[in-house]
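Work through the exercises below with the structure in view. Try each task before reading its solution.

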Amino acid sequence: MVQSVITRVVRVAAGPFAPGHLGELTQQVPFEMVDAVLAQTRCMQRRVRDLPSRVVVYLLLAGCLFAELGYRQVWQRLVAGLDGLPVAYPSEAALTKARQRVGPQPLRALFDLLRGPAAAMAGPVRWRGLLVCAIDGTMLFAADSAANLTRFSKQRGGRTGGSGYPMLRLVTVMACGTRSVMDAVFGAITCGETTYARDLLARLPAGVLLLADRNFAAGHLLKIVTGRQAHLLVRAKTGRGGPKLSMLHRFRDGSYRSVFGGQPVRVIDAEISIATKAGTVTGVYRLITTLLDPQAHPATAMLRLYHERWEIETAYLEIKSSILGGRVLRARTPAGVDQEIHALLVTYQILRTAMTDATNSDTAVDPDRASFTIALHAARDQIVHAAGVIADTVIDLVGNIGRLVLNDLLPERRLRVNARTVKRAISKYNARGPNIDRRTYQATISLTILAEPP
């Protein structure tokens, strides 16, 4: 019988720092960066322990990649590829104390270093010189503990029967082309999305075109955006409850000039028809924008661009479903929740950066075609094997994660529609009726700019 011997060389940090890695993703968050944020936030250990602060930071990030496991099982993945090295095997209590000792500040600082748009060579990252971003919010569930309930509350009643866990609201700004996180803020659900949005918009960089849904069609938010030398493209209600917009001047492309929130804006009213095998659905939509030149930014082009706002919905799906698997956050204290959410955002960001680095190697590949699921599981495998922790002298920007992504690209995205329905209600008594069509259809869209406001 012929036998093969596979010899593998693993290069990691020395001594008790060896378990502190993220496999190949360590190159996105190198040792020097983690040590710098620990020193900046004064969270570096005073003496070298079995669990140095740097190792704990990597443990928290790895915990997001293995969201279904407890931290002791996550630790076992970190040391699985370190055969022959004298590594510690701490108890669950020791890992808990180490996470409390480090606190949330280093993870906040790390997120602040890594957030921002990943550079991309293809795809709708920029539109006519503007960085296309989207803002929206989502809900996360925290552990049902007395400490968490002092800050986060449960949702009561409603059509879904309320929630059994404390809930928190996460609001982010994301770059649409690469789905990388530009900025984020979170807190109790007692504050609405637009309240949290004020802090995000106050930090918005110049040269951004921000896409937003109807909830963000508020004059005071528009004023903040324009004050940051950025632009807004937001959907607004057309009927009762919508803003009253007078027509000051009609442009040739069908849009018209108006005033909203004391700021000059352009309004685009359009009839959009979506045709599928199930039939044709037609609706009237209104967009408000601060881009006032109809020649530089035609109305039809802006209507088509607005569809990119759904990239942030896909990003939330990747965070809540692909990474968390619909699970509740582990942390049982508000400080722990703060720490865990920032670790989650950092982990998502470095995965997205690795995917963008891979697609950048071929300018014909749109970042949309990179599979987040493949990247996530490839990163998990690299951690278990402790592979690619320290880069060689020749930097490999694609890496093993990127090669797996490029070898199994998603097909070019088709235009599809699906009824906006609850597919899995929190309450089993939440009946929506038997006649709701939940199938997904390939669709074609036709746009007609309205000559008169609806």
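## Exercise 1: An annotated domain

Task: Describe the secondary structure over residues 20-112 of this predicted model.

Solution. Start with the composition: the chain is 55% helix and 0% strand over residues 20-112. Next, take the two ends: their C-alpha atoms are 21 Å apart. Finally, check the record: UniProt, in an unreviewed entry, gives residues 20-112 the feature "domain: Transposase IS4 N-terminal".

## Exercise 2: The cysteines

Task: Find how many disulfides the whole structure has, then examine Cys64 and Cys133.

Solution. Step one: a search of the whole structure gives zero disulfides. Step two: Cys64 is in no disulfide, and its nearest cysteine sulfur, in Cys43, is 17 Å away. Cys64 counts as buried because its relative accessibility is 4%, and the cut-off for buried is under 20%. Step three: the closest cysteine sulfur to that of Cys133 belongs to Cys176, at 6.4 Å. A disulfide needs the sulfurs within 2.5 Å, so this pair is too far apart for a bond. Cys133 is also buried, at 0% relative accessible area.

## Exercise 3: Placing Ile189

Task: Where is Ile189 found, is it buried or exposed, and which residues is it in contact with?

Solution. First, locate it: Ile189 is in the loop between strand E4 (181-188) and helix H7 (193-201). Second, check accessibility: Ile189 has a relative accessible area of 15%, so it is buried. Third, look beyond four places in sequence: the contacts of Ile189 include Met139, Ser153, Met167 and Arg169. Last, compare sequence with space: Ile189 and Phe152 are 37 residues apart in sequence, and their C-alpha atoms are 7.2 Å apart.

Conventions: Residues numbered from 1 in each chain as written. Predicted model: local features only at pLDDT ≥ 70, side-chain atom pairs only at ≥ 80, totals over all residues. Heavy atoms only, no water. UniProt positions renumbered as here; feature names shortened; annotations may be inferred. Helix = DSSP H or I, 4+ residues; strand = E, 2+ residues; numbered from the N terminus. Buried < 20%, exposed > 50% of the residue type's maximum accessible area, 1.4 Å probe, protein only. Contact = heavy atoms within 4.5 Å.
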